[in-house]
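Here is a short set of exercises to work through with the model open beside you. Try each task before reading its solution.

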Amino acid sequence: MLLDETPLFEPSLLQEIDWCNNTVTFSPPISPSSPGDGLVLRPLCMADFNRGFFKVLSQLTQTGDVTPEQFAKKFEHMKSTGDYYVIVVEDTNVGQIVATATLITEHKFIHSCAKRGRVEEVVVSDMCRGKQLGKLLVTALTLLSKKLNCYKVTLECAPRNVSFYQKFGYGASDETYMQCRFFD
């Protein structure tokens, strides 16, 4: 199975986001085009399976034992829909993924058949925390959702993370999040 450098979505979408609309400060300054020494922010690609993508995700939640074939099949499905924007930060010094986050767009009939964005699975490797990569990921995906003409972007977070997300303009809504979980 060939796990190549095919990106999940067009990389120019990240390059074209309007960083001037960023609402948080970075000290020292970083951006999508300059995330830090030896770091690259880019779309997920197939080869990231072998660059520790699941190792980073497993620091957030259970990932299970995913085979290269399963990964490739899911990747191709996500790519074909055009609604998944998984971004990663790669440490090119070691060839490993050190952070990732996902934006999913939902197509709605409401709001004149608009789109809604959902930010999910934001995680930074415990080896790279404190480098502002979480801020970078959330800012990039929030601005990307605006570029993609989403009428709103939402996320779910633990109460201990509320103040972090408020920095980006996220606030509690009147809606109550409920779930019916089928698997752990």
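The exercises below deal with a predicted model and move from pockets to single residues and backbone angles.

**Exercise 1. Describe the largest pocket: its volume, its lining and the elements that build it.**

Solution. Start with the space itself: the largest pocket holds about 1,900 Å³. Next, look at its walls, where 45 residues form the lining. Nearest the centre lie Leu155, Glu156, Cys157, Ala158 and Tyr165. Then turn to the secondary structure: strand 4 (115-124), helix 5 (133-147), strand 5 (150-155) and helix 6 (162-166) each contribute at least two lining residues. Strand 4 gives the most, with eight residues. Finally, sort the lining by character, which yields 19 nonpolar, 13 polar and 13 charged residues.

**Exercise 2. Do the same for the second largest pocket, and find which element gives the most to its lining.**

Solution. The volume here is about 510 Å³. Twenty residues line this pocket, and Phe54, Leu57, Lys74, Met78 and Glu121 are those nearest its centre. Two or more lining residues come from each of helix 2 (53-57), helix 3 (68-81), strand 2 (84-91), strand 3 (96-107) and strand 4. Helix 3 gives the most, with five residues. By character, the lining of the second largest pocket splits into 12 nonpolar, five polar and three charged residues.

**Exercise 3. Is Arg116 buried or exposed, and which side chain does it join in a polar contact?**

Solution. First place the residue: Arg116 sits in strand 4. Its relative accessible area is 18%, so Arg116 is buried, the cut-off being under 20%. The side chain of Arg116 makes a polar contact of 2.7 Å with that of Thr154. Now widen the view, setting aside residues up to four places away in sequence: Arg116 touches Ile104, Thr105, Glu106, Lys108, Cys150, Tyr151, Lys152 and Thr154.

**Exercise 4. Examine helix 5: its span, its burial and what comes just after it.**

Solution. Helix 5 has 15 residues and reaches 21 Å from its first C-alpha to its last, close to the 21 Å expected at 1.5 Å a residue. Of those 15 residues, 13 are buried, so the helix is largely enclosed by the rest of the structure. For an example, take Thr142, which belongs to helix 5 and is buried at 17% relative accessible area. Beyond its neighbours within four places in sequence, Thr142 is in contact with Val153 and Tyr170. Just after helix 5, Asn149 has a positive phi of about 65 degrees.

**Exercise 5. Examine the backbone at Pro28, Cys113 and Gln132.**

Solution. Begin with the background: most residues other than glycine have a negative phi, and most peptide bonds are trans. The peptide bond from Ser27 to Pro28 is cis, with omega near 0 degrees, and Pro28 lies in the loop between helix 1 (12-15) and strand 1 (39-43). Cys113 has a positive phi near 60 degrees; this residue is in helix 4 (residues 110-113) and is exposed, with a relative accessible area of 56%. Gln132 has a positive phi near 70 degrees. Its place is the loop between strand 4 and helix 5, where Gln132 counts as buried at 14% relative accessibility.

Definitions and conventions: Residues numbered from 1 in each chain as written. Predicted model: local features only at pLDDT ≥ 70, side-chain atom pairs only at ≥ 80, totals over all residues. Heavy atoms only, no water. 1 Å grid on protein atoms, 1.4 Å probe; cavity = no way out; pocket = protein on both sides within 12 Å on 5 of 7 lines; lining within 4 Å. Points joined across faces, edges and corners; volume = space filled by probe spheres on them. Helix = DSSP H or I, 4+ residues; strand = E, 2+ residues; numbered from the N terminus. Nonpolar A, V, L, I, M, F, W, Y, C, P; charged D, E, K, R; others polar. Buried < 20%, exposed > 50% of the residue type's maximum accessible area, 1.4 Å probe, protein only. Polar contact = N/O pair within 3.5 Å; in protein donor to acceptor, adjacent residues only side chain to side chain. Contact = heavy atoms within 4.5 Å. Expected span 1.5 Å × (residues − 1).
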